[in-house]
Amino acid sequence: MASGDRFLAIGQTSQPENGIYVWNGAAVPATRALDANTSAELEQAVTTVEEGTSAGTTFRQTQVNFTLGSANVIWSTF
């Protein structure tokens with residue numbers, strides 16, 4: 001991955017950490033994408049993965065009325 005690439009984390013051990021992130025480099029933690037860093041932005045969000053093992057798969061975030069960071073963020077194929 002190159003710095004600035006976006007990725008979808010859907011299988012985190014701690015589900016509140018699932019979401020759309022930006023890769024900041026190998027030595028820097030990834031950060032939530034600016035357009036997907038609140039529960040309002042993620043509620044019912046739909047995204048399609050372009051590369052990797054899930055390439056061509058579309059996912060929908062199914063959790064509603066949640067607090068980002070403490071409630072589960074659940075992505076299902078759509």
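Here are some questions and answers about this predicted model.

Me: What is the order of the helix and strands along the chain, from the N terminus on?
Reply: Happy to start there. The chain holds 1 helix and 6 strands. Read from the N terminus on, the elements run β-β-β-α-β-β-β.

Me: How compact is the chain for its length, and what is its radius of gyration?
Reply: Let's set the chain against the globule rule. For 78 residues that rule gives 12 Å, and the chain comes close to this value, so it is as compact as a globular protein of that length. Along the principal axes, the C-alpha atoms fill a box of roughly 35 × 25 × 25 Å. The radius of gyration asked for is 12 Å.

Me: What share of the residues counts as buried?
Reply: A residue has to fall under 20% relative accessible area to count as buried. The accessible surface of the chain is about 4,900 Å², with 49% of it belonging to carbon and sulfur atoms. Of the 78 residues, the share that counts as buried is 27%.

Me: Among contacts between residues at least 6 apart in sequence, what share joins residues at least 24 apart?
Reply: Good one for anyone building a contact map. Start from the contacts in the chain between residues at least 6 apart in sequence. The share of these that join residues at least 24 apart is 26%.

Me: Which strands stand at the edges of the open sheet?
Reply: The sheet is made of 3 strands in the order S1-S2-S3, with antiparallel pairing. A strand with a single partner has one side left without a neighbour in the sheet, and that holds for two of them, so the edge strands are S1 (6-9) and S3 (31-32).

Me: Which residue in S3 is the bridge partner of Tyr21?
Reply: Strands pair through backbone hydrogen bonds, either parallel or antiparallel. Here strand S2, residues 19-22, pairs with S3 in the antiparallel sense over 2 bridges. The bridge partner of Tyr21 in S3 is Arg32.

Me: Is Gln44 buried or partly exposed, and at what relative accessibility?
Reply: Gln44 sits in the loop between helix H1 (39-42) and strand S4 (46-48). Its phi is positive, about 65 degrees, although Gln44 is not a glycine. Partly exposed covers the range between under 20% and over 50%, and Gln44 belongs there because its relative accessibility is 31%.

Me: Which residue in the loop between strand S5 and strand S6 has a positive phi?
Reply: Most residues other than glycine have a negative phi. The loop between S5 (58-61) and S6 (75-77) holds a residue that counts as exposed, at 71% relative accessibility. With a phi of about 50 degrees although not a glycine, that residue is Asn65.

Methods
Residues are numbered from 1 along each chain as its sequence is written. This is a predicted model: local features need pLDDT of at least 70, side-chain atom pairs count only at pLDDT 80 or more; totals for chains, interfaces and linings use all residues. Side-chain values use heavy atoms; hydrogens and water are left out. Helices (H or I, at least four residues) and strands (E, at least two) are DSSP runs, numbered from the N terminus. The radius of gyration is taken over C-alpha atoms; the globule rule is 2.2 Å times the number of residues to the power 0.38. Buried means under 20% relative accessible area, exposed over 50%, partly exposed in between (1.4 Å probe, protein chains only). Contact means heavy atoms within 4.5 Å. Accessible areas come from the Shrake-Rupley method with a 1.4 Å probe; for residues, only the protein chains shown count as cover. Two strands pair if DSSP finds at least two bridges between them.
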